[in-house]
Amino acid sequence: MLRNAIVLALTLTVATNAQQPSASRVDKLLASMTLEEKLAQLSQYVPDQPELKPLLQKGLFGSILSGADAAAKNVLQRTAMDGSRLKIPILFGHDVIHGYKTIFPIPLAIASSWDPEMAETSARIGGIEARAGGIHWTFAPMVDIARDARWGRIAEGAGEDPYLGSLMAAAYVRGFHAGGILACAKHFAAYGAAEGGRDYGSTDMSERTLREVYLPPFKAASDAGVDSFMSAFNALNGVPATGSRWLITDILRGEWKFKGFVVSDWTSVTEMIAHGYASDRRHAARLALMAGVDMDMVSNSYGELAADVASGAVPLSVVDTAVRRVLEAKVKAGVFDQPFADESRPAKVMLTPDHRAAARRVAQRSIVLLRNEGNLLPLSRKARTLAVIGKLADSSEDMLGPWAAEGEKEDTISVLAGLRAAAGADNRIVYVPDDRAAALAAARDSDVVIAVLGESRNMSGEAASRTSIELPSDQQQLLEAVVAAGKPVVLVLMSGRPLAIPWAAEHVPAIVNAWFLGTEGGHAVADILFGAVSPSGRLTVTMPRATGQVPIYHAMLRTGRPANETEKYTSKYIDTKIGPLYPFGHGLTYTTFEYSDVRVSAASMARNGSVTASATIRNSGTRAGDEVVQLYVSDPVASTVRPIRELKAFRRLSLAPGEARIVTFPIGASELQLWTPGGWVVEPGRFEVTIGPDASRGMTAAFNVVE
Ligand code: GLC
């Protein structure tokens, strides 16, 4: 599989260099294009868009957004190229977010592995399968930082932290490239900061927050060589991102030297009319193109710019620059040389055993063990009766999660199917979807209950903001009923966001956060529950006690009245305990780890110097296990109020029982700096580093930065 991907990627490179039109060929093509043909290259349609029909015969558009199969794409390509005067091929784009046919866990789950290689694997295999399906370009990775669990698209990103999010962003870009497709960092920018967690809502923040929290993963994607960016729906500080020259030209191209192309989000160009920022379609198109948006997704508005070019309101050079970027992307994607998909490839690459095995491994590492009182888990395999409760247990469709591209439930393993396969003949499994009385009876008649509860796949993802992140009331009642039976209960949570489960956290001995794990999800859950694999996931989003706590995250700014349970006049709620239910970075294993000897290599360092933080971690349990050792930095006194702590590094360790290892972390400017209008600076003064298993605990050492 890896060999195929490398061969494919090399072929792509060679084709790009040897047979593909070189820059001069793009120049010649550009010079021979009419204005109508140029503006057409800046438009993307979907196959069922009525405006596409008349254009198809003349090949007058640049890209089609389509999940259709390779054969259908070839028909469209053949029609367009036969009709196109200059034989410019279509660039096919699609949302390959966490797999194409073999579906991997949702990105929020993959991030919980704290292993960029898992993201790279998902992207690489997604790329291989998508390319075989005729896709040249994916609208991924989604790298939006999200700190509000009410927002449904928290499912699609890496969670609340810019450091982890940046590592994942770069890994996805590498993976898509290895799989042979172009990548697209989205949604630029700060889409995840929508007011109230309401999708498409406005965002408003200081430039420091934007620079320190929301932009870093985009910068990481750009530095990793991502081929395109997608401008976001939201307005940022009063300017729609799709019309923001500051974001797209000044920062992305000016500061970051991004050389690729920018596509709008779905009709986000003409949505600037609803924003009250554009007076009509042509005005919206002009604002977007002049901001730096090269391609209009589905608004079908760029064709109206011909009049502005004629009047000089839009310089022809701006159009030419945008067209060049699109043509260069087509060169890079190899579509000039290979415009048609090989229709024999899908049968060879879709859902292969290797791809399924990779999806299972990523899913295993994405699962977070939240609670395991009395070491109820792993379940022994001795003959027993398992009562499996909750209709999600038997839903392979929900296991796919949102944005599952061409994944199909028929190919997907539900939790129930996974448990049945793992439990074998000497265990009896009784499944009760949702009837409380039947569930109670089954629980009473069982040795252990496995309750599978949470969200269906359409309760997160796009346009799926929720006012409540608690368990739906019928599920809560079902859970309380089966717990009342007095048998041991394991709660398996399926969701696209962190859920508030305070009652379960008190009354259910074992809780597993399984997110939406994709095609092999049911096998992965069973692997963890029966101990074939030890859990190693850690939260990349803070889990609140209640919706009312949202937004709540580990890197919150200090206040003058830090929360204190016993002091009334401190920053907290009167009806909920202080702090999250489970902190950022939390995750249990089937063993235990001890931290000791946290130290810093020097008492002080120069502003442009460095020190090394270290700690000893020992597996103090009886089973092998993976520990994610996390390093948090605090800046107790600064010229601006700083976060209580911020994740700045981590290491995954696999330790045998009794094994100890020293972990070292270099600390320099990138771990200590803060953003100012004059740029990034390291301020002198005292810094603290905390090394621990999650954001709420660890051992701390301090040092000074001196002038
Ligand atoms: C959607 C999403 C974007 C996606 C695009 C194409 O509205 O915002 O993430 O890539 O449209 O499906």
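1. A good place to start in this predicted model is the salt bridge between the side chains of Glu627 and Arg538, with 2.6 Å from N to O. Glu627 belongs to strand β20 (residues 625-634), while Arg538 sits in the loop between α23 (521-529) and β17 (593-600), so this pair ties together parts that are 89 residues apart in sequence. Both Glu627 and Arg538 are buried.

2. Next, have a look at Arg497 and Glu455, whose side chains form a salt bridge of 2.7 Å, N to O. Arg497 is found in the loop between β15 (489-494) and α22 (502-507), and Glu455 in the loop between β14 (448-454) and α21 (473-484), so the pair ties together parts that are 42 residues apart in sequence. Arg497 has a relative accessible area of 0% and is therefore buried. Glu455, at 0% relative accessibility, counts as buried too.

3. Lys332 and Asp227 give you another salt bridge, again between side chains, at 2.7 Å from N to O. Distant parts of the chain are linked here: Lys332 is in helix α15 (residues 316-333) and Asp227 in the loop between α10 (216-223) and β6 (228-231), 105 residues apart. How exposed are the partners, Lys332 and Asp227? Lys332 counts as partly exposed because its relative accessibility is 37%, whereas Asp227, at 4%, is buried.

4. For the wider picture, the whole structure contains 41 salt bridges. Some residues join up in a network of salt bridges, namely Asp115, Arg365, Asp626 and Arg652.

5. Now turn to the ligand. Around the ligand there are 13 residues, of which Asp95, Arg153, Lys186, His187 and Asp265 come nearest. By type, the shell has 7 nonpolar, 1 polar and 5 charged residues. Several side chains place a polar atom by a ligand oxygen: Asp265 at 2.7 Å, Arg153 at 2.8 Å and Glu462 at 3.0 Å. On its own the ligand has 310 Å² of accessible area, and the protein covers 94% of that.

6. His187 deserves a closer look. This residue is part of strand β5 (residues 184-188), and its 1% relative accessibility means that it counts as buried. Which side chains make polar contacts with the side chain of His187? Asp144 does so at 2.7 Å, and Arg153 at 3.4 Å. Leaving aside residues up to four places away in sequence, His187 touches Met142, Asp144, Arg153, Phe218, Met230, Ala232 and Asp265. Two of these names, Arg153 and Asp265, will be familiar from the list of residues that come nearest to the ligand.

Key
Residues are numbered from 1 along each chain as its sequence is written. This is a predicted model: local features need pLDDT of at least 70, side-chain atom pairs count only at pLDDT 80 or more; totals for chains, interfaces and linings use all residues. Side-chain values use heavy atoms; hydrogens and water are left out. Helices (H or I, at least four residues) and strands (E, at least two) are DSSP runs, numbered from the N terminus. Buried means under 20% relative accessible area, exposed over 50%, partly exposed in between (1.4 Å probe, protein chains only). A polar contact is a pair of N or O atoms within 3.5 Å; within protein, one must be able to donate a hydrogen and the other to accept it, and residues adjacent in sequence count only if both atoms are side-chain atoms. Contact means heavy atoms within 4.5 Å. A residue is near a molecule or strand if one of its heavy atoms lies within 4 Å of it. Accessible areas come from the Shrake-Rupley method with a 1.4 Å probe; for residues, only the protein chains shown count as cover. Ala, Val, Leu, Ile, Met, Phe, Trp, Tyr, Cys and Pro count as nonpolar, Asp, Glu, Lys and Arg as charged, and the others, Gly among them, as polar. A salt bridge is a side-chain nitrogen of Lys or Arg within 4 Å of a carboxyl oxygen of Asp or Glu.
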